[in-house]
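Reader: I am new to this structure and would be grateful for a close look at a single part of it. Please begin with one residue and work outward from there to its surroundings.

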Amino acid sequence: MKPTVRGTLAAVITCVAAAAAGAVAASPAAAAGSVPVPVPLEGVENSLNMELPHAGAELPLPTPGSPEAPRYTEGRLLPDRALPQLPVEAGLPGADVRAPLPRVLGDDFDHAAAGAPASAVNALAPGASLDAPLTAPDAGNFGVPGLKPPQAGVLAPALSAVPAADLATGPGL
């Protein structure tokens, strides 16, 4: 297969994949990136007749992505990434806690709040890159490939995240 045909085929497949991803992203089921988890303390608050802390959390939903296609290069019999890395997008769980203070810091500081929003985590699974111990067919040797040392490599997994947190005090948070 010529490189121009491969390039055209790759462009068409990329366009189809982008259109399919846009259709999936528009569906309501795919719109939920995290699930809120409230901690119900209203009943205890009403029975004790006092203000209790409010707590809640967010649990992210992991979504597997599509791996990169193998890349064919000249001089190799096998594609560059024989076992591609699978991307997985998820998130760190988020938390939101608000608690009353007994006016320790003065009248303007009667509540404290701590929040850690759910943050994205991008991960790549390990992959492998292999090459056969044969060269491309050699025209000078009647089309018989030559021998070369086999090549094998492991693509390391990757993980990236940017967590954040907020701490605040004030009246009636």
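Author: T169 has a relative accessible area of 37%, which means that this residue is partly exposed, since the exposed class begins only over 50% and the buried class lies under 20%. The model in which T169 is seen here is a predicted one.

T169 belongs to strand 13, and this strand covers residues 166-170. Leaving out residues up to four places away in sequence, T169 touches F109, H111 and A112. One of these partners, A112, stands directly opposite T169 across the pairing of strands. The C-alpha atom of T169 is also separated by 7.4 Å from that of D110, although the two residues are 59 apart along the chain.

The neighbouring strand is strand 6, residues 111-116, which pairs with strand 13 in the antiparallel sense over five bridges. In general, the strands of a sheet pair through backbone hydrogen bonds, in either a parallel or an antiparallel manner.

The pairing of these two strands is one part of an open sheet of five strands, arranged in the order 1-2-5-6-13 with antiparallel pairing. Strand 13, the home of T169, is an edge strand of this sheet, and the other edge is formed by strand 1 (34-39); each of them pairs on one side only. On average, neighbouring strands of the sheet are turned by 10 degrees against each other, with direction ignored.

From the sheet one may turn to other places in the chain. Strand 2 (54-60) is preceded by a loop that follows helix 3 (42-48), and N49 has its place in this loop. N49 has a phi near 55 degrees, a positive value in a residue other than glycine. Its relative accessibility is 70%, and N49 therefore counts as exposed. F142 offers a second example of a positive phi in a residue other than glycine, with a value near 60 degrees. F142 is found in the loop between strand 9 (134-137) and strand 10 (145-147), and F142 is exposed because its relative accessible area is 79%.

S129 provides a contrast in accessibility. This residue is part of strand 8, residues 127-131, and its relative accessibility of 15% is the reason why S129 counts as buried. Beyond its neighbours within four places in sequence, S129 is in contact with R76, D80, A82, Q151, A152 and G153.

A nonpolar patch on the surface is formed by L77, L78, L130, L134 and L147, which together have about 440 Å² of accessible area. One of its members, L78, lies in the loop between strand 3 (63-64) and strand 4 (87-92). L78 has a relative accessibility of 34% and so counts as partly exposed.

The setting for these places is the protein chain as a whole, whose secondary structure comes to three helices and 13 strands. Of its 173 residues, 12% count as buried, S129 being one of the buried residues. The chain exposes about 12,000 Å², of which carbon and sulfur atoms supply 68%. Among contacts between residues at least 6 apart in sequence, 65% join residues at least 24 apart. The contact of T169 with A112, across the antiparallel pairing of strand 6 and strand 13, brings the description back to its starting point.

How values were computed:
Residues numbered from 1 in each chain as written. Predicted model: local features only at pLDDT ≥ 70, side-chain atom pairs only at ≥ 80, totals over all residues. Heavy atoms only, no water. Helix = DSSP H or I, 4+ residues; strand = E, 2+ residues; numbered from the N terminus. Buried < 20%, exposed > 50% of the residue type's maximum accessible area, 1.4 Å probe, protein only. Pairing = 2+ DSSP bridges. Axes fitted to C-alpha atoms, helices over the stretch in contact; angles between N-to-C directions. Patch = residues over 30% accessible without salt bridge, like charges linked within 9 Å, V, L, I, M, F, W, Y side chains within 5 Å. Areas by Shrake-Rupley, 256 points an atom, 1.4 Å probe, with all protein chains shown as cover. Salt bridge = Lys/Arg side-chain N within 4 Å of Asp/Glu carboxyl O. Contact = heavy atoms within 4.5 Å.
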